[in-house]
4 protein chains.
Amino acid sequence: MTTPLRFGLIGTGRIGQVHAASIAADPETTLAWISDPFVDGAHAVAERFGGRVTDDSAELIGSGEVDAVLVASPTPTHVDLIAAAVAAGIPVLCEKPIDLDIARVDALRPVVRDSGVPVALGFNRRFDPAFASVRARVGAGEIGELEQLSIVSRDPSAPPAAYVGVSGGIFRDMSIHDLDMARFFLPDIVEVVATGTAVFDDGAREHGDFDTASITLRAASGAIVTITNSRHSAVGYDQRMEAFGSRGMLQVANAPTSLVSLSTATVVEGRPPYQEFFLERYAEAYAAELREFTKLVRGERSTSPTFEDGRAALVLADAAQRSATERVVVPVDLA
Amino acid sequence: MTTPLRFGLIGTGRIGQVHAASIAADPETTLAWISDPFVDGAHAVAERFGGRVTDDSAELIGSGEVDAVLVASPTPTHVDLIAAAVAAGIPVLCEKPIDLDIARVDALRPVVRDSGVPVALGFNRRFDPAFASVRARVGAGEIGELEQLSIVSRDPSAPPAAYVGVSGGIFRDMSIHDLDMARFFLPDIVEVVATGTAVFDDGAREHGDFDTASITLRAASGAIVTITNSRHSAVGYDQRMEAFGSRGMLQVANAPTSLVSLSTATVVEGRPPYQEFFLERYAEAYAAELREFTKLVRGERSTSPTFEDGRAALVLADAAQRSATERVVVPVDLA
Amino acid sequence: MTTPLRFGLIGTGRIGQVHAASIAADPETTLAWISDPFVDGAHAVAERFGGRVTDDSAELIGSGEVDAVLVASPTPTHVDLIAAAVAAGIPVLCEKPIDLDIARVDALRPVVRDSGVPVALGFNRRFDPAFASVRARVGAGEIGELEQLSIVSRDPSAPPAAYVGVSGGIFRDMSIHDLDMARFFLPDIVEVVATGTAVFDDGAREHGDFDTASITLRAASGAIVTITNSRHSAVGYDQRMEAFGSRGMLQVANAPTSLVSLSTATVVEGRPPYQEFFLERYAEAYAAELREFTKLVRGERSTSPTFEDGRAALVLADAAQRSATERVVVPVDLA
Amino acid sequence: MTTPLRFGLIGTGRIGQVHAASIAADPETTLAWISDPFVDGAHAVAERFGGRVTDDSAELIGSGEVDAVLVASPTPTHVDLIAAAVAAGIPVLCEKPIDLDIARVDALRPVVRDSGVPVALGFNRRFDPAFASVRARVGAGEIGELEQLSIVSRDPSAPPAAYVGVSGGIFRDMSIHDLDMARFFLPDIVEVVATGTAVFDDGAREHGDFDTASITLRAASGAIVTITNSRHSAVGYDQRMEAFGSRGMLQVANAPTSLVSLSTATVVEGRPPYQEFFLERYAEAYAAELREFTKLVRGERSTSPTFEDGRAALVLADAAQRSATERVVVPVDLA
């Protein structure tokens with residue numbers, strides 16, 4: 001058995017805590033350092049999962065005691081933290097998005113590339129067993145040529161108006177996961193068109209954002225991707241996919257929360273609502289994401305999405321934003 | 001194209017009307033004569049579907065104008081009508097059961113056999129596309145050896161108490177369809193055990209009958225059949241089957257009444273209740289039953305259930321009745 | 001009971017034959033005249049369902065013996081036939097589309113309006129029990145405000161290349177049904193964007209057409225409609241819908257062709273493929289469409305789609321065509 | 001937070017290892033001692049989850065260092081181990097069955113009762129979220145009066161012939177779980193009838209056992225329970241239930257192993273086979289069972305099945321065995 005990888009966790013909010021638990025639970029990894037300017041959060045995590053605590057991420061990166069850094073801090077800090085980590089030669093797994101500003105991402109791009117240090121992006125859904133299985137089966141030719149990919153992604157309820165204001169908009173904040181999922185199947189997207197409206201959320205209206213959106217992507221192969229997004233869903237977190245190919249179709253249903261169905265005089269075979277939100281729906285995916293990143297750090301063959309994938313998703317989100325606001329079809333070049 | 005078969009319909013109640021419509025709709029058959037002591041009923045049928053009318057079935061049978069007789073009159077008349085028809089050399093399709101008294105059936109048995117005149121029994125469910133498909137696929141070995149057959153059959157609501165009193169009991173009146181279905185798959189049943197209770201229907205209690213029952217049959221092959229019956233079902237007519245074999249399982253679901261499902265904050269993927277009752281559920285089966293009987297009359301290869309099948313189902317129903325009342329396991333010999 | 005409406009059927013191809021059968025089967029209607037330049041086709045229909053035959057539609061319209069005209073002839077003849085019928089004061093049910101050229105439709109528009117003669121369009125899917133039920137339930141507020149409508153419509157296989165060349169393209173030929181379905185729910189569409197590619201069909205490529213397409217519509221209310229089309233589908237005719245509202249979701253599944261599912265060591269709960277094509281899938285819808293048109297002719301309250309609906313669908317199809325070829329977002333004004 | 005309960009685990013086979021993992025994972029419990037005559041097994045468990053090791057269960061019970069004993073050793077040792085533990089005043093969670101011989105169980109019965117020491121039986125399925133939910137909903141009256149309960153339970157494949165010989169037979173070894181499940185809903189069973197056959201397993205034939213069985217139970221309320229068992233299932237572990245009541249029906253489906261379904265030209269909506277076996281299917285149930293037993297030990301309100309439940313299930317299994325071999329209906333008195 002190999003020595004466990006020592007992780008430095010930067011950021012101890014909701015998603016940071018998920019990663020802390022995954023790191024602690026996996027015998028291949030251990031939580032060595034935790035940093036958060038809100039140091040009480042870091043202490044709380046350390047109490048549950050171990051690790052040294054600091055309020056300064058630079059101390060963590062410079063400690064000489066971490067083999068990998070997991071960046072789960074607010075988006076505006078990502079670019080600098082990635083830069084610092086790769087400067088120190090430490091591999092990074094960074095939560096999406098890299099940044100809301102493509103210019104800052106593009107500035108970082110050669111730095112990452114030239115460093116040779118592995119940088120992975122936290123597109124956890126690629127590691128969901130269902131989506132990963134569809135990807136593998138499409139790759140194996142089980143449905144022939146992939147011609148249409150439909151992704152439905154609806155959050156249970158809209159975020160607070162204050163968050164909407166700093167989120168970068170629905171495309172950069174929420175659709176970015178679906179845009180990466182599209183590229184998981186069809187990396188070479190050449191065109192984006194998006195339609196967005198604000199039909200229920202005052203927060204979205206107030207900030208000129210959308211709460212309801214539809215994105216169409218065209219791939220170089222001619223395959224077409226349709227993404228359907230909403231900031232709310234009365235039936236629970238709605239995460240589905242349909243891969244349509246020349247020889248068949250693979251569909252991912254919502255995860256049932258119970259095996260029990262009820263039939264009565266008014267409705268038959270009704271089941272309880274879907275899962276609450278992403279922490280439940282993607283619990284397995286977060287753990288698998290970590291395992292895959294661990295392989296990357298160890299120099300093994302790994303399918304972790306890269307910095308380039310993170311950048312590509314942002315380029316697509318920017319294109320969707322421009323398309324939806326300027327009402328144009330936007331060609332993209334991800335090379 | 002052959003000349004249409006001229007049918008004489010005896011009995012114009014609910015099921016008689018179904019058959020009248022089928023006969024009229026099928027270009028292979030025509031409704032020539034209709035008899036019912038309640039002659040207004042016969043006239044009403046004739047008005048819609050054509051045919052001459054009489055209140056006397058003997059006139060119909062003796063008319064020389066019918067090629068086949070369809071007996072849809074009350075059960076106590078079946079034996080004499082079959083006897084009269086075969087005496088006249090006219091093939092008969094008789095609604096189940098032949099009679100409630102096995103002694104009368106057994107007395108008729110050699111008469112039918114010796115006459116050489118085709119007598120078919122109205123076990124319509126054999127002709128349901130779903131059940132027929134399962135039967136064919138089991139026969140083709142698609143699930144290997146058939147080891148367990150489960151039949152669920154629940155009526156939407158209990159019949160009137162007066163009817164319960166003359167019905168012959170739940171086993172002879174209702175389960176008889178399921179007992180025949182068991183024999184459709186496994187003709188050679190060697191043992192019957194049944195449990196019945198009266199848990200909701202005062203009519204059943206009053207007449208010493210059951211409203212809820214479970215029957216287990218053992219086939220010569222070792223396969224086991226389980227029949228689950230209830231005289232009511234809040235969710236609508238409940239007609240399901242599961243054929244379990246050494247290599248797989250074929251299941252028949254209830255027929256949906258709509259392709260639409262509703263998902264809300266409290267229940268997802270709920271659908272409207274199942275079909276009302278047998279007229280809706282088995283509409284196609286009645287038509288197919290008639291087509292198959294027509295083949296039998298024409299001397300073609302036919303899968304119509306025979307007089308012997310009708311007798312065997314009654315023997316099993318009698319055994320179930322005895323088992324349920326005397327609390328014994330009852331060996332049967334259907335030869 | 002009222003006197004049956006006397007129909008004149010113009011065109012006896014596949015869809016004309018469907019209508020002939022519906023007219024003959026409905027006691028409210030009768031097939032009086034049949035015209036087709038290919039007069040053998042007309043004779044064949046007359047033999048099965050009755051009616052006088054001509055190879056000249058003018059004779060039919062001028063016969064004084066038809067109360068309504070059903071136009072099921074090739075698309076280029078529709079405008080003149082509608083004009084002739086309304087000139088004769090005879091109500092028309094015309095198969096979609098009115099024409100492939102909006103200019104001709106617009107020229108006919110005031111003629112129809114000023115005539116006061118009812119002209120209905122054959123958007124049969126509005127009468128499908130499942131789609132009609134969803135429409136009614138959305139209208140009744142069962143899922144709150146309608147925010148997103150997703151329509152999937154895939155034909156079993158691509159038409160012959162020769163047909164593709166005269167079809168007007170996938171949007172005017174195939175998507176037009178879905179565009180009308182969108183307007184069934186959200187009549188006031190204000191914007192169209194479409195993406196089309198040719199990924200498998202040489203016929204489409206040859207004629208500069210698409211075999212795969214995605215259309216996004218924006219309604220005045222802010223609701224967004226997504227239409228997913230393909231000219232082929234390995235799994236059978238694929239006709240689904242999802243109406244997503246503020247309080248829930250109504251979904252229309254594909255029609256099963258059997259109640260039977262098979263489970264084996266490699267796959268569980270598998271069912272046979274979906275229905276072959278529209279004649280099976282929309283059999284009930286065609287009959288209901290006719291009943292509703294009969295009401296319209298009789299001056300009763302009717303929900304038949306009108307000439308204006310036919311025009312609106314074509315405007316949307318044109319917009320989709322322009323969007324897909326010029327890569328622009330197209331505002332539309334259906335007033 | 002309370003001090004963790006110190007567990008002594010007796011037996012480190014497959015099920016003992018499951019319990020060891022649960023004990024280690026639950027912060028309320030800790031693994032203090034482990035005994036197994038095959039001491040290497042005990043050491044292996046200790047290495048993963050901690051705890052002192054002995055080959056002598058008496059040392060464990062007498063150590064003074066265990067607050068509760070978990071008996072996961074072979075069935076013939078259960079009675080003596082329960083006796084020893086209660087003599088030492090230590091609560092016991094014992095795997096089913098208590099013993100294969102009801103006389104030994106009845107001899108132990110007053111000892112347990114008089115001791116006042118909690119003894120729980122490992123009927124894990126009561127703690128499965130799906131079955132527990134149905135039980136709670138039936139108890140809350142959601143489907144009115146419970147009238148029929150159907151349990152399907154099929155193992156993936158038959159055990160080795162050698163095991164069959166010492167298993168006590170299918171009813172005591174396998175059906176006992178379903179018999180307890182029946183009593184979970186309907187404790188007051190008054191009658192048993194069972195049919196068993198050997199249709200595929202030479203091991204069963206060799207030992208006069210059955211591989212296929214059907215059991216019908218009658219409850220004092222008149223409700224009827226049907227249990228369908230098989231020692232093999234090509235489609236995977238088959239664990240379903242249907243609770244049918246006067247106002248509706250609750251159904252438990254098999255647990256899907258994936259959210260993905262495949263549709264092709266030959267089969268639509270097919271999914272991968274069900275779970276392998278009980279370790280996967282009931283993983284959550286084992287952990288919940290332990291939590292509930294912990295409450296029992298702490299003197300809190302607990303729903304752990306008791307020694308009496310263990311005895312009742314054996315009485316029913318004995319009755320089923322007698323019914324199936326002597327072909328009689330067997331009245332039972334569980335008081």
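These legends go with close-up views of a predicted model, taking its chain and domain interfaces one at a time. Local features need pLDDT of at least 70 and side-chain atom pairs count only at pLDDT 80 or more, while totals for chains, interfaces and linings use all residues; side-chain values use heavy atoms, with hydrogens and water left out. Residues are numbered from 1 along each chain as its sequence is written, chains are lettered from A and ligands numbered from 1 in the order in which they are written.

**View 1. Chain A against chain C.** Here 39 residues of chain A touch 39 residues of chain C, with contact meaning heavy atoms within 4.5 Å. About 3,000 Å² is buried between chain A and chain C, and carbon and sulfur atoms give 56% of that. Buried area is the accessible area (1.4 Å probe) that two parts lose on being put together, summed over both.

**View 2. Charges and polar pairs between chain A and chain C.** There are six salt bridges between chain A and chain C, each one a side-chain nitrogen of Lys or Arg within 4 Å of a carboxyl oxygen of Asp or Glu. For one to look at, try C:Arg154 with A:Glu242, at 2.9 Å from N to O. The interface of chain A and chain C also has 16 residue pairs in polar contact, both residues at pLDDT 80 or more. A polar contact is a pair of N or O atoms within 3.5 Å; within protein, one must be able to donate a hydrogen and the other to accept it, and residues adjacent in sequence count only if both atoms are side-chain atoms. On the chain A side, the elements that each supply at least two residues are β7 (146-154), β8 (189-197), β9 (212-219), β10 (224-230), β11 (238-245) and β12 (248-252). Helices (H or I, at least four residues) and strands (E, at least two) are DSSP runs, numbered from the N terminus. By class, the side of chain A that touches chain C splits into twelve nonpolar, 18 polar and nine charged residues. Ala, Val, Leu, Ile, Met, Phe, Trp, Tyr, Cys and Pro count as nonpolar, Asp, Glu, Lys and Arg as charged, and the others, Gly among them, as polar.

**View 3. The axis relating chain A and chain C.** Turn chain A by 180 degrees, with 0.0 Å of shift along the axis, and it lands on chain C with an RMSD of 0.1 Å. Copies are superposed by least squares on the C-alpha atoms of residues with pLDDT of at least 70 in both. In chain A, A:Val328 comes closest to the rotation axis, with its C-alpha at 2.9 Å. The copies meet through the same surface, because 100% of the interface residues of chain A are also interface residues in chain C.

**View 4. Chain C against chain B.** This interface brings 24 residues of chain C into contact with 24 residues of chain B. The buried area between chain C and chain B comes to about 1,700 Å², 59% of it from carbon and sulfur atoms. C:Leu259, C:Val260 and C:Leu262 supply 37% of what chain C buries against chain B, more than any other three residues. Between chain C and chain B there are zero salt bridges, but six residue pairs are in polar contact (both at pLDDT 80 or more). From chain C, α6 (129-139), β12 (248-252) and β13 (260-264) each supply at least two residues of the side that touches chain B. That side of chain C holds 13 nonpolar, seven polar and four charged residues.

**View 5. The axis relating chain C and chain B.** A turn of 180 degrees and a shift of 0.0 Å along the axis lay chain C on chain B with an RMSD of 0.0 Å. The two copies are therefore related as by a two-fold rotation axis. In chain C, the C-alpha nearest the axis belongs to C:Pro256, 4.7 Å from it.

**View 6. Where the two domains of chain A meet.** The domain assignment (automatic or from a database) gives chain A domain 1 (5-117) and domain 2 (125-331). Their C-alpha centres lie 25 Å apart, and the contact takes 31 residues from domain 1 and 26 residues from domain 2. About 2,400 Å² is buried between domain 1 and domain 2 of chain A, with 71% from carbon and sulfur atoms. A:Lys96, A:Leu100 and A:Arg109 supply 24% of the area that domain 1 buries against domain 2, more than any other three residues.
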